[in-house]
Amino acid sequence: MDPRGRGLQQHVNTRKITKENGEFCSKLDRFIPNRSAMDFDYANYMLMEARKGKENPILNSPSREAYLKKLKEALNINRTRILAFRNKPPAPKELFPQEFLTAQSSKPVKARRHIPQTSERTLDAPDLLDDYYLNLLDWGSSNVLAIALGTTVYLWDASNGSTSELVTVDDEIGPVTSVNWAPDGKHIAVGLNNSEVQLWDSTSNRQLRTLRGGHSTRVGCLAWNSHILTTGGMDGNIINNDVRVRDHIVETYRGHQQEVCGLKWSTSGRQLASGGNDNLLHIWDKSMASSESATQWLHRLDDHTAAVKALAWCPFQSNMLASGGGGNDRCIKFWNTHTGACLNSVDTGSQVCALLWSKSERELLSSHGFTQNQLILWRYPSMVKMAELTGHTSRVLYMAQSPDGCTVASAAGDETLRFWNVFGTPEAAKPAPKTNPEPFPNVNRIR
């Protein structure tokens, strides 16, 4: 090819408009001004007239320069640029109102909660029975923890750390096999190995009555529903007792073939969940259950492959129940108690002994036996492990939650009682106004 033709071709290529990175750009060697944005009169003045003053400084007196400066400011010609290559960009549009952005930015961001990995307090619990089927720990609404050690029930006041003995039963009727506080936090039910249940007033350390004739063997679990005390026994029977009347047995639920080891009433008091050593989970509806009915239960669920002791009703979804299976099952299952459907099942890898829901967050705490003997905090519904709490050297059979929902007490076969600040710090409550001031406030009291 002719060298001159090659040079012409290269010159033409440099003038082509190419596309780089998705945008058109020109490889030309000059600017094309935007004529619509030019002020030709001002440009002519700056090029022709303005030079006269600089070339004839004698004609420019200080007063004349001051006058010209004021004139330029008044006529808005105090500019330095002559050519304008593009228009000014338009002002950006506000996608959101400024007050909305201010309100959003002022909203406090919730800090990530620290979960202590060790217990904040440890107490000795000698003679604590290492029995998976019993329920020997409960925390009442008056902030008093009850624990059964052998034949004795002890009360630990969390507000001042004091310990007192409630009752010691005879060896012929003991040991104590279950404890459960009434909703008022003053009265407590004590289940015994000889099938009896005692009712006590904790404020006066006085026994109120004994419930007899319902079970033929030990009473391993208890659950209150207002004035109704529900008891579950080794005989497989579940009995509703009205503690206000002499003939206390009002209903008997028959469905388990072996020992009943878990009982929990729903928050509404309409449904009762029961778990047994026969690997069965029953949901009973208070409105449809009767002693004469052949099939009393609302749902009979047999998905677990080991004993079902751990039961916990969800605080933010009234028809959801969590249940935990024993050593051959190791699963936590979630149920819709209206339909009986299993919503989810998680293999924890070890025996599930107890379950507790957080009262403020969507979190679930489980305690375990063989082989890890730990507590696990789960985030619901993802069931991601948030923390694993270790310290017990034997299976963690019993758990109880403080009234404020923040502290959890756990008792294990290693005969220790541990307290965990697992659910956070309670919010500071506003002090209630004193309507009736206390008389003689300067007089000291003996606690």
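Among contacts in the protein chain between residues at least 6 apart in sequence, 46% join residues at least 24 apart, and I would like to keep that figure in mind as we go through this structure, which is a predicted model. The chain has 447 residues, of which 43% count as buried, and its secondary structure consists of four helices and 30 strands. As for the surface, the protein chain exposes about 26,500 Å², with carbon and sulfur atoms supplying 51% of that area.

Let me turn to the interior. In soluble globular proteins, nonpolar side chains tend to be buried together. Here the largest nonpolar core has 35 residues, and L137 and L145 are the ones with the most contacts inside it. Strand β5, which covers residues 144–149, gives the most to this core, contributing six residues. If we set aside residues up to four places away in sequence, L145 touches a list of residues that includes L137, W139, Y154, L155, W156 and W181, and also A400, A409, L417 and F419. A second core, separate from this one, has 16 residues, among them F334, W357, I376 and W378.

Two of the residues that L145 touches, L417 and F419, lead us to strand β30, where they lie on one side of the strand and are buried. In a regular strand the side chains alternate between the two faces of the sheet. On the other side of β30 we find T416, R418 and W420, which are buried as well, and both faces of the strand are therefore covered. Put another way, five of the five residues of β30, which spans 416–420, are buried, so the strand is largely enclosed by the rest of the structure.

Which strands pair with β30? One is β3, residues 121–124, which runs antiparallel to β30 and is joined to it by four bridges, with T122 standing opposite R418. Another is β29, residues 408–412, which also pairs with β30 in the antiparallel sense over four bridges, and here S410 is the residue that stands opposite R418. The strands β29 and β30 form a hairpin with three residues between them, and E415, in the turn, has a positive phi of about 65°.

Now to another region, an open sheet of four strands in the order β8-β9-β10-β11, with antiparallel pairing. At its edges stand β8, residues 176–181, and β11, residues 206–211, each with a single partner strand, so one side of each is left without a neighbour in the sheet. From one strand to the next, the twist averages 20°. Between β8 and β9, the latter covering residues 187–192, there are five bridges in an antiparallel arrangement, and V179 has V190 in β9 as its bridge partner.

I will finish with one residue from this part of the chain, E196, which is located in the loop between β9 and β10. Is E196 buried or exposed? Its relative accessible area is 16%, and because buried means under 20%, E196 counts as buried. What does the side chain of E196 make a polar contact with? The partner is the side chain of R212, at 3.0 Å. Leaving aside its neighbours within four places in sequence, E196 is in contact with V190, G191, T210, L211, R212 and V219, and V190 is the residue we met a moment ago as the bridge partner of V179.

Methods: Residues numbered from 1 in each chain as written. Predicted model: local features only at pLDDT ≥ 70, side-chain atom pairs only at ≥ 80, totals over all residues. Heavy atoms only, no water. Core = buried A, V, L, I, M, F, W, Y, C linked by side-chain atoms within 4.5 Å. Buried < 20%, exposed > 50% of the residue type's maximum accessible area, 1.4 Å probe, protein only. Helix = DSSP H or I, 4+ residues; strand = E, 2+ residues; numbered from the N terminus. Contact = heavy atoms within 4.5 Å. Pairing = 2+ DSSP bridges. Axes fitted to C-alpha atoms, helices over the stretch in contact; angles between N-to-C directions. Polar contact = N/O pair within 3.5 Å; in protein donor to acceptor, adjacent residues only side chain to side chain. Areas by Shrake-Rupley, 256 points an atom, 1.4 Å probe, with all protein chains shown as cover.
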